[in-house]
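Thanks for sharing this one; here are my notes as numbered points. Please read them with the model open beside you.

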Amino acid sequence: MESYRSAVSDSLIRALDQSAPFIDDPAATDSWREFLAPARTLAASGKRTRALLIAAGHEAFGGSGHPVHAGTAAELYQLSALVHDDVIDESHTRRGKPATHRAFAATHRNLAMTGDADIFGVKAAILLGDFLLSLAALEIDRAEAASPGAHARARQLFHEMTAETAYGQYLDLRAETSALTDDLNTALNDALLVLRHKSARYSVELPLMIGGALAGASPAGIDALSAVGRPLGIAFQLRDDELGIFGSPEQTGKPAGGDIREGKHTVLLALVREMATAADRAVIDAALGCDLSEDGVEQVRQIVRSSGAFEAHEKMIRDYEERALAAAAQLPEAPMLRAAMSSLEERRF
């Protein structure tokens, strides 16, 4: 896993370094470096989880060699998604550094450009995110595959993944700007819909399926990987939602209580609003979308725990993890898949 992770990291930097064959004027060099700088900052960190899951799906169905180009495509797409996500959420930081649009705004100020620095930063970040998506598409075209048919199927899954995630982002945006509902089933269903289409599918399920497709897995084999990846992806994102409230800035790269500050309508929020007292529910509702103090974040955390919502959420995660483990038991022996699953399950705050 570590050698593959390193190979993908090297390939990712190389893809950025070689991404501009159209730059043939020395006068453009400085602006090109300026454009890519935030992407290089993002690329320098990250666990390469999606690349590892592609390799795991590939290994599970006897793929030869390592799918480095496919892993690089997944990581380039991840960078694109992070850039756009931070614009949408108006995030200030990502992985402990200024979010891309904030970095571009700082560049605007440092170069004494005219106009509004923050507006420039948002526009530039959208362009960089689009550029990284284009690079990801080029990289999946270079992916190693068992046959032309296997490559075509993997490419189709990859492009379906990027399209679906855009829709998931819209669902998330729509949820944040919709009124809260006191009907638990509706709230849970809406939150799970966002979670599945925005994060769970592209974070876990589809990378596994892409890896299997590259190895030449049959449709039934790809479905078997989906049966592992879907519940595992949901569990992964549910855990991430816990980190969004309980995680430290060192763990998340964002301020404490980020999901509450951003007004995210998560499964955990639906549970706490259902299980908390009326007074505590009012506190939670008032906190959503607000720039909370440390004391305000801690008050929210205490309500989440004391209401029983945290334990109910943990049980939901365990249930999804057990479904994934049962489905994985039906697959051929795949050490990398088992290791990747263990890594995802161990994420704690």
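1. Let's start with Ala39, which sits in helix α2. Please keep in mind throughout that this is a predicted model. Ala39 has a relative accessible area of 0%, so it counts as buried. Beyond its neighbours within four places in sequence, Ala39 is in contact with Leu16, Leu79, Leu128 and Leu132. If you want a ruler across the fold, the C-alpha atoms of Ala39 and Pro255 are separated by 21 Å, and these two residues are 216 apart along the chain.

2. Leu16 is a good place to go next. Setting aside residues up to four places away in sequence, Leu16 touches Leu36, Ala39, Arg40, Ala43, Leu76, Leu132 and Leu135.

3. Now the nonpolar cores. In soluble globular proteins, nonpolar side chains tend to be buried together. Here the largest nonpolar core has 67 residues, and those with the most contacts inside it are Leu16, Leu76, Leu128, Leu132, Phe158, Leu208 and Ile210. Which helix gives the most to this core? That is helix α4, residues 68-89, with ten residues. Apart from this core lies another, of 33 residues, including Ala187, Ala200, Val304 and Ile317.

4. Helix α5 spans residues 100-110, and Thr100 is in it. With a relative accessibility of 4%, Thr100 is under the 20% cut-off and therefore counts as buried. Not counting neighbours within four places in sequence, Thr100 is in contact with Pro38, Leu42, Val83, Ala125 and Leu128.

5. Staying with α5, its buried residues are Thr100, His101, Phe104, Ala105, Thr107 and His108. Why do they line one face of the helix? Viewed down the axis of α5, these buried residues fall within an arc of 155°, so they line one face. They pack against α2 (29-43), α4, β2 (97-98) and α6 (117-141). After α5 comes Ala112, and you may like to look at its backbone: phi is positive there, near 55°.

6. For the rings, the count comes to eight aromatic pairs. One of them joins Tyr77 and Phe158 edge-to-face, at 6.5 Å centre to centre and with 75° between the planes. This pair links distant parts of the chain, with Tyr77 in helix α4 and Phe158 in helix α7 (residues 148-176), 81 residues apart. Are these two rings buried or exposed? Both Tyr77 and Phe158 are buried.

7. Another edge-to-face pair is that of Phe246 and Phe310, at 5.3 Å centre to centre and with 70° between the planes. This pair also links distant parts of the chain: Phe246 belongs to helix α9 (residues 219-246) and Phe310 to helix α15 (residues 309-328), 64 residues apart. Phe246 has a relative accessible area of 11%, so it is buried. Phe310 is at 11% relative accessibility and therefore counts as buried. If you are setting up a check on cation placement, note that Arg305 lies over the face of Phe310, at 4.5 Å from the ring centre.

8. One last item on the rings. Phe22, Trp32, Phe35, Phe104 and Phe131 are linked into a cluster by ring pairs. Phe104 brings us back to α5, as it is among the buried residues of that helix.

Methods
Residues are numbered from 1 along each chain as its sequence is written. This is a predicted model: local features need pLDDT of at least 70, side-chain atom pairs count only at pLDDT 80 or more; totals for chains, interfaces and linings use all residues. Side-chain values use heavy atoms; hydrogens and water are left out. Helices (H or I, at least four residues) and strands (E, at least two) are DSSP runs, numbered from the N terminus. Buried means under 20% relative accessible area, exposed over 50%, partly exposed in between (1.4 Å probe, protein chains only). Contact means heavy atoms within 4.5 Å. A nonpolar core is a set of buried Ala, Val, Leu, Ile, Met, Phe, Trp, Tyr and Cys residues joined through side-chain atoms within 4.5 Å. Rings of Phe, Tyr and Trp (its six-membered ring) pair if their centres lie within 6.5 Å; planes under 30 degrees apart count as stacked, over 60 as edge-to-face and the rest as tilted. A charge sits over a ring if NZ of Lys or CZ of Arg is within 6 Å of the ring centre and within 35 degrees of the ring normal. The arc is that of the directions from the helix axis to the C-beta atoms.
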